[in-house]
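Visitor: I would like a close look at a single part of this model, the protein surface beside the DNA. Please take it slowly, and add what helps to place it in the rest of the chain.

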Amino acid sequence: MAQDDSAEWNTDDDLYFEIDNFQSSPKSSSPVVTSSDHMFATLVDMGFSDDVIARAIQENGPNAETSVIIDTISKYSMNCEPSSSKSKTIYHFLAMGFDEEKIIKAIHKHGEENMEEIANALLSSEADMKEEDNIDWSDSDDEMNDDEKDPDSFDSCNPLSSLVKMGFSELEVSLAIERCGDSVSIADLADFICAAQIAREFDEFHIEPEEQKPRQNIRKSQKEPRPSTNDQPLRLPNPMIGFGVPNESVFITHRSLPALARAPPYFYYENVALAPTGVWETISRHLYDVAPEFVDSKYICAAARKRGYVHNLPISNRYQIQPAPKLTIQEALPVTRKWWPTWDTRTKLNCILTVHASAQLTKRIRLALEAHTGEPSEATKRFVIEQCKKWNLVWVGKNKAAPLDGDEIESLLGFPRNHTRGGGITTTERLKSLGNSFQVDTVAYHLSVLKPLFPDGINVLSLFTGIGGGEVALHRLQIPMKTVVSVEISEVNRNILRDFWEQTNQRGVLIEFADVQDLTKDKIVELMKRFGGFDLVIGGSPCNNLAGGNRVSRSGLEGEQSSLFFEYCRILDVVRETTKEMRRS
DNA sequence: GCTATGATGAGGCACCTT
DNA sequence: AAGGTGCCTCATCATAGC
C-alpha cells in the first residue's frame, strides 16, 4: 500500500517501467496452455472459429503449444489453398469475421483461387475503416505515449534490427521485447509478435458495419449468426483471465474497439460475471458493443471474484501495483498457516460476499472436530469443508474456523487497512460495503494504462462509487486525481470516501452526490465546463438482481436496483456528447 | 431501535460417465 | 451426444433476542 501520502504527486515513470518489466518478464519463452480444452477456449476467445481451431489442433496434435496452433491458423488465411467450391472460400473468410458482401466482392475481383489477394483486399478494406489500434483521440498534445514514438529507445536492442528486417514494425518488436524480456530468442519473439498480430487481426475483423450505425439500428438486419459476434450468447472464458493477468503467460495485447466506442472519455464498467443469461449481451450492446473482459480475481489475489468489465481502455502495457497480492490464503493470511488442517486443501477463498457465518456455525464446527481425538472422520471432514467453502472460513486456532473479518477482507480486496473501519459504520454495514466492492488490484491492473496518459492528473466521474475501489486503485497507481465527482447512495460509503480523500492528502476536488438521478444533464454539463470535462467514467452498477446469491429478486437488468445500469449509460452518453461539443468549440 | 441468525434454491458452468 | 453430478454465487427476508 502506498503510504507516502504526503509525497509530491510523482510523475516520474521509473516506478511504472520497473514494475511493468517485472510483471511482463517471461514465465516461458512462448505461450503455453496446460490443457487442450483451455487452449481451445482461449483461441475461441481470441476470435477464431471452432472449425479452424479444430483443424489446426488436428494438424499439430493435441499437445501442441498455443503459438504453434496460432501459426497454423495464420497459414490457413495466408496460403493459397485451392478450395473446391466457392461457398467454401466464402465460409473460410466468414469464419475469420469478414463481412460477407466484401468477401464476395473480393472474390469477384481477384478470383476464387487467389486467397492471398482476397485476404489482402479484405485486410486493407478493414484497415481503411478503422483507426489506429492505440486509441489516440486527443486532438492536440497531452495524451501521447512517448515510448511508442521515440526511435531512440530501440537503439540498444539487438533483436530489433533483425526482426524489423523480417518485416515486423518497430512498435511490434519493442512491445514483444518489453513483454518477453530481451533475453528471449529471436524466434520466440517472432512467435510472440505473430500471435499478437493474429489476435489483433481477427479481433479487428470483427468490427461490423452495424457497429458504425446508431445504436437503435443494431442487429435488426443481422441474418445469420457469425462466430464471435455478440449475436451469439457470450461464453465465459476458461481460464477467466480476460486479456491476460500478471501471473499467466497468455497475453492479448491488442484489440480493436467498435468505432462507436472510440471516443472520449475512457469508461470502465463492472458487474458480476455470472449474471442471468442475456444480461452481458445487453450490457455490451448498451456500451457501444464493446465485448466484456471477464476476469476472476483469483488469478491476481487469494480470493475468487468473477467479474465482467466493459471498457474502452488500451490493453497493452498494463502493469500490476506493488506489492503484488499474495496468491494463496495461507500467504495472504499468515496467521492461518499454523492452524490449517492438511485435509483442507483450499488455497483460494471463494468470492467475498456481503454476509458471513454466524458464531453458532463456527461453534458447531468446533464441536464436531473436538468429538474426535486426532484425525476427524471422513463425514466430519466433509461437513466441515462444505461449511468452510460455503462461508469462506479460515483457520485461526485449533479446531477454530472463523469468517473473514473486516481487516482481512480489506487486505484481500486491496484496500488500505482501516479503510472501512470506524466512523460510525456497523460491522454489518462494513461487511456489506466490502462485499459489494471492487478487487482493487484487478481494477488497478486495468487502469494502469492511464498512468502514462495522464501525468498531470485525471478528472474522474465515479458512479456507484461504493467505498471507492476505483479511487483507491488510481491512488495506488499514483495517478493524481484532479477531480472526482462521485455518486453513492449510501451515507456510510460517502463518509468512507471522504475520509480516504482527507487521509491521503488528496489535492484534487471531491464532489459527492447521493442520488444518481440528481446528476441531470444540465448538472453534468455544468460540472464538465467547470473542470474541463471528464477523462474517465468508472463504476459498477448494483448487482442485487443479477447475483446468484439472490433467491428473492434475481430479476436481471430490469430489477429494481440493477436497472440503474441504464443510468450509467444515460450519464455516459451525456458525458460523451458534451465532450464532443467541448472539443468542437 | 438495532443486530445476529437461519432459512430461503435456482441458474449455469465444468466435468464426468454412459 | 446426452444426462448426471458437483460446485459456486457483489443476496433477501422474517424473526428472536438484546
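Guide: What follows goes through the two DNA strands in turn, then some backbone details, then one helix. Keep in mind that this is a predicted model.

Start with DNA strand C. There are 22 residues around this strand, and those that come nearest are V272, R307, T354, C543 and N544. By class, the residues of this surface are 8 nonpolar, 9 polar and 5 charged. Looking from the DNA side, 60% of the strand C atoms within 4 Å of the protein belong to sugar or phosphate, and the rest belong to bases.

Some contacts to strand C involve the protein backbone. At C351, a backbone N or O atom lies 2.8 Å from a phosphate oxygen of DNA strand C. Two others reach bases. A polar backbone atom of S541 is 3.3 Å from a base nitrogen of strand C, and a backbone N or O atom of G549 lies 3.1 Å from a base nitrogen of that strand.

Now DNA strand B. Among the residues around it are N238, T277, S358, A359, Q360, R364 and T426. The list also includes T428, G548, N550, R551 and R554. This surface has 1 nonpolar, 8 polar and 3 charged residues. Helix α13, residues 359-370, gives the most to it, with 3 residues. Of the strand B atoms within 4 Å of the protein, 49% belong to sugar or phosphate and the rest to bases.

The contacts to strand B can be taken one at a time. A polar side-chain atom of T428 lies 2.7 Å from a phosphate oxygen of the strand. At A359, a polar backbone atom is 3.4 Å from a phosphate oxygen of strand B. N550 reaches a base: one of its polar backbone atoms is 3.3 Å from a base nitrogen of strand B.

Next, the backbone. Most residues other than glycine have a negative phi, and most peptide bonds are trans. Some places in this model depart from that. The peptide bond from P264 to P265 is cis, with omega near 5°, and P265 is found in the loop between α10 (186-205) and β1 (266-272). Q322 and P323 are also joined by a cis peptide bond, with omega about 0°. P323 sits in the loop between β3 (306-311) and α12 (329-332).

N317 is in the loop between β3 and α12 as well. Its phi is positive, about 65°, although N317 is not a glycine. Y288 also has a positive phi, near 65°, and its place is the loop between α11 (279-286) and β2 (293-296). Y288 is buried, with a relative accessible area of 4%; N317 is buried too, at 9%.

Last, helix α20, residues 521-531. Its buried residues are I524, V525, L527, M528 and F531. Seen down the axis of α20, these buried residues fall within an arc of 165°, so they line one face of the helix. An α-helix has 3.6 residues a turn, so residues three or four places apart point the same way. On the other side of α20, D522 and K529 are exposed. The buried residues pack against β6 (458-463), β7 (481-487), β8 (509-513) and α21 (565-584). Just after α20, G532 takes a positive phi of about 85°.

Key:
Residues numbered from 1 in each chain as written. Chains lettered and ligands numbered in written order. Predicted model: local features only at pLDDT ≥ 70, side-chain atom pairs only at ≥ 80, totals over all residues. Heavy atoms only, no water. Near = heavy atom within 4 Å. Polar contact = N/O pair within 3.5 Å; in protein donor to acceptor, adjacent residues only side chain to side chain. Nonpolar A, V, L, I, M, F, W, Y, C, P; charged D, E, K, R; others polar. Helix = DSSP H or I, 4+ residues; strand = E, 2+ residues; numbered from the N terminus. Buried < 20%, exposed > 50% of the residue type's maximum accessible area, 1.4 Å probe, protein only. Arc of directions from axis to C-beta. Contact = heavy atoms within 4.5 Å.
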